[in-house]
Amino acid sequence: MRTIPASDIFLAAEKLIQSANFVLPEEIQKKIRKAEGEEENASAKLALQTIIQNAKQASERQLPLCQDTGTAVFFVEIGMGVVLEEPIFETLKRAVSESYTKYRLRASIVFDPLFDRRNTKDNTPPLLHLEQVLGENIRITFLPKGGGAENKSTLTMLRPADGEEGVVKTVLETAKKAGGTSCPPWILGIGIGGTFDSVAVLAKRALFCPSKDVDSDARYTALEKRITREVNALKIGTMGFGGNTTVLSTHIEYAPTHMASLPVAINIQCHSARSAEILL
């Protein structure tokens, strides 16, 4: 058994919050630079150049990549051999509260979704997805998820007979409705299978896999490429200006499901595809 002090988890979470908000992952930057090099639409090309410059300035000056510093989302894998000093949610909540204040990140969370929409002032509570795994380590992945793209995300309960064509149709309909208001070019996280509640988590988890180019199942890899191709063919383009690139990449996570069901969730991530990960 291994005891991991709450102070170590706190410091790791603080580092992740700072890194994710100030530094766009290199694999995302490569995809954006590639899109800029291939773009022929003048307005879209200029927008991509601005995105690239914004990422450079944010990193160098340690400023937020986007004014919307999002909901603090954590995916945590905790080893069965790990002993904690306190519930990990409490540690992460404290890290979010202090970090968002320390680094002057915008607090976006309200107490109540409907009747009491007062700001909590420190961006808490965070959202925690916890999974127990083998070993004596903790892996923490952090995503500050902005509201604009999140608001255009969808969850649909298809019929099994709808199959692959139904999935593609649903994605295209979601993309058309989202348009330029959700700050493309996007990363698309798609969840397929599971249940009504779990499929959305699959879609969110898929956003953490932007560097994954090949799925273990070639059929899903082919579907990811097809969706990227067909969404780009809509010509919504960077920030809605038209052009070649609406989606930088598509990533699918799938799970077993009931024989009567075909849940599909589409989580849109804007071009500021921020995330960071650490292993303790």
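The chain folds into 8 helices and 10 strands. Its radius of gyration is 19 Å, close to the 19 Å that the globule rule gives for 280 residues, so the chain is as compact as a globular protein of that length. Please keep in mind that this is a predicted model.

Let us start with the overall picture. Along the principal axes, the C-alpha atoms fill a box of roughly 50 × 50 × 40 Å. Buried residues make up 49% of the 280 in the chain. Looking at contacts between residues at least 6 apart in sequence, 82% of them join residues at least 24 apart. The exposed area comes to about 13600 Å², and 55% of it is supplied by carbon and sulfur atoms. As for charge, there are 33 positive and 33 negative side chains, with the centres of the two sets 5 Å apart.

Now for the interior. In soluble globular proteins, nonpolar side chains tend to be buried together. Here the largest nonpolar core has 27 residues, and the members that touch the most others are Ile9, Phe74, Ile138, Ile140 and Phe142. At least two residues of this core come from each of helix H1 (6–22), strand S2 (71–79), helix H4 (88–102), strand S5 (138–145) and strand S10 (276–279). Helix H1 gives the most, with 8 residues.

Ile140 is a good place to look around. Beyond its neighbours within four places in sequence, Ile140 contacts Ile9 and Leu16, then Phe74, Phe75 and Val76, and also Ala276, Glu277, Ile278 and Leu280. A second, separate core holds 23 residues, including Val167, Leu223, Ile266 and Ile268.

Ile266 also turns up beside Thr170, a residue of helix H6 (residues 163–178). Setting aside residues up to four places away in sequence, Thr170 touches Ile266, Thr156 and Leu158. With a relative accessible area of 8%, Thr170 is buried.

Gln29 sits in helix H2 (residues 26–38). Gln29 has a relative accessible area of 18%, so it counts as buried, the cut-off being under 20%. Apart from residues up to four places away in sequence, Gln29 touches Leu24 and Ala55.

Thr257 belongs to strand S8 (residues 247–257) and is partly exposed at 35% relative accessibility. Not counting neighbours within four places in sequence, Thr257 is in contact with Gly193, Gly194 and Pro263. Thr257 and Ile192 are 65 residues apart in sequence, while their C-alpha atoms are 8.7 Å apart in space.

The backbone deserves a look too. Most residues other than glycine have a negative phi, and most peptide bonds are trans. The table lists the exceptions discussed here.

| Site | Feature | Angle |
|---|---|---|
| Thr124 and Pro125 | cis peptide bond | omega about 5 degrees |
| Pro184 and Pro185 | cis peptide bond | omega about 15 degrees |
| Cys183 | positive phi | phi about 55 degrees |
| Lys235 | positive phi | phi about 60 degrees |

Where do these sites lie? Pro125 is in the loop between H4 and strand S4 (127–133). Pro185 is in the loop between H6 and strand S7 (186–194), and Cys183 is likewise found in the loop between H6 and S7. Lys235 lies in the loop between helix H8 (218–232) and S8. Cys183 is partly exposed, with a relative accessible area of 27%, and Lys235 also counts as partly exposed, at 45%.

Notes
Residues numbered from 1 in each chain as written. Predicted model: local features only at pLDDT ≥ 70, side-chain atom pairs only at ≥ 80, totals over all residues. Heavy atoms only, no water. Helix = DSSP H or I, 4+ residues; strand = E, 2+ residues; numbered from the N terminus. Rg over C-alpha atoms; globule rule 2.2 N^0.38 Å. Buried < 20%, exposed > 50% of the residue type's maximum accessible area, 1.4 Å probe, protein only. Contact = heavy atoms within 4.5 Å. Areas by Shrake-Rupley, 256 points an atom, 1.4 Å probe, with all protein chains shown as cover. Lys, Arg positive; Asp, Glu negative; His and termini not counted. Charge placed at Lys NZ, Arg CZ, Asp CG, Glu CD. Core = buried A, V, L, I, M, F, W, Y, C linked by side-chain atoms within 4.5 Å.
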